[in-house]
Amino acid sequence: PTDKIPVEMHYIEHLDQVWILCWNEENALDAGTKTVVVIRQASEDMQHHIVHTQPIANRFDLVQEVFLPPNNDMGHKFQHGYAVHTQQQALYKLHLEGMKYTKMIDLHAYSCVPKSVAFISLGGQIIVHCEAPAGEPKHSQHLVLDYVTDAVLSQKDLSGDPYVSPDGRYLVVIDDEGDTVSVNRIEDTGKIEKMYDEYT
């Protein structure tokens, strides 16, 4: 059993955990509150049960979305993921093994409501796709953050969700508004070099 309606599932291989995002309203349609639950020792032949992430203010945390590192060919073991709350200009950093929040990364200075996150093994960075808060003119951008210090390293006016190839060598940005797929090379240092755009 999970919390009400499970809608997303992520497997963290090096911790043998399954993270599940659940809707808590029957007719949520991606607009209601969600909770995150975890199945530990997921590959073991045993009776499994869910564990909630650390509660905030004595209640199970209600989130809008959770961003977790995918498995990668480089064997890089990311220790943290991120959660966001509806229309908040912040990322909440999650320690995966301990299933608890370690930090709030304030993005008000960039008018950034996070929509998606990509994890870059080379150089240890994340890319955050941001949209403007409600009530402000529509605007998309990408922030590159240092994965360890959480400092913002660069800011670019770009739209679209970022994805990193399993080998960590390429960043692909899919812009469904501009009908564009942008392909970038990731150098050994983590520097991102534009290669080409494909118009679909």
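## Exercises on contacts and cross-links

Setting aside neighbours within four places in sequence, arginine 185 touches Arg169, Tyr170, Lys191, Ile192, Glu193 and Met195. The structure is a predicted model.

**Exercise 1.** Determine where arginine 185 is found, and whether arginine 185 is buried or exposed, or in between.

*Solution.*
Step 1. Locate the residue: arginine 185 belongs to strand β15, residues 180-186.
Step 2. Recall the cut-offs: buried means under 20% relative accessible area, and exposed means over 50%.
Step 3. Apply them: the relative accessible area of arginine 185 is 34%, so arginine 185 is partly exposed.
Step 4. Add a distance: from C-alpha to C-alpha, arginine 185 and phenylalanine 78 are 21 Å apart in space, and they are 107 residues apart in sequence.

**Exercise 2.** Two residues in contact with arginine 185 are Lys191 and Glu193. Describe the salt bridge of glutamate 193 and lysine 191.

*Solution.*
Step 1. Consider the principle: side chains of opposite charge can pair when their charged atoms come close.
Step 2. Check the distance: a salt bridge requires a side-chain nitrogen of Lys or Arg within 4 Å of a carboxyl oxygen of Asp or Glu. The closest N and O atoms of glutamate 193 and lysine 191 are 3.2 Å apart, and the two form a salt bridge.
Step 3. Compare with the accessibility cut-offs: glutamate 193 has a relative accessible area of 30% and is therefore partly exposed. Lysine 191, at 51%, is exposed.

**Exercise 3.** Explain which parts are tied together by the salt bridge of lysine 93 and aspartate 150.

*Solution.*
Step 1. State the total: the count is 5 salt bridges.
Step 2. Examine the pair: lysine 93 and aspartate 150 form a salt bridge, with their closest N and O atoms 2.8 Å apart.
Step 3. Place both partners: lysine 93 lies in strand β7 (residues 90-95) and aspartate 150 in the loop between β11 (140-146) and β12 (152-156), so the pair ties together parts 57 residues apart in sequence.
Step 4. Extend the view: both lysine 93 and aspartate 150 are buried. A network of salt bridges links Lys93, Lys103 and Asp150.

**Exercise 4.** Identify the cysteines joined by a disulfide, and describe their link.

*Solution.*
Step 1. Name the pair: cysteine 112 is joined to cysteine 130, with an S to S distance of 2.0 Å.
Step 2. Give the handedness: the angle about the S-S bond is -75°, and the link of cysteine 112 and cysteine 130 is left-handed.
Step 3. Place both partners: cysteine 112 is in the loop between β8 (100-106) and β9 (113-120), and cysteine 130 is in strand β10 (residues 125-131), so the pair ties together parts 18 residues apart in sequence.
Step 4. Judge the accessibility: cysteine 112 is buried because its relative accessibility is 0%. Cysteine 130 is buried, with a relative accessible area of 0%.

Methods. Residues numbered from 1 in each chain as written. Predicted model: local features only at pLDDT ≥ 70, side-chain atom pairs only at ≥ 80, totals over all residues. Heavy atoms only, no water. Helix = DSSP H or I, 4+ residues; strand = E, 2+ residues; numbered from the N terminus. Buried < 20%, exposed > 50% of the residue type's maximum accessible area, 1.4 Å probe, protein only. Contact = heavy atoms within 4.5 Å. Disulfide = S-S within 2.5 Å.
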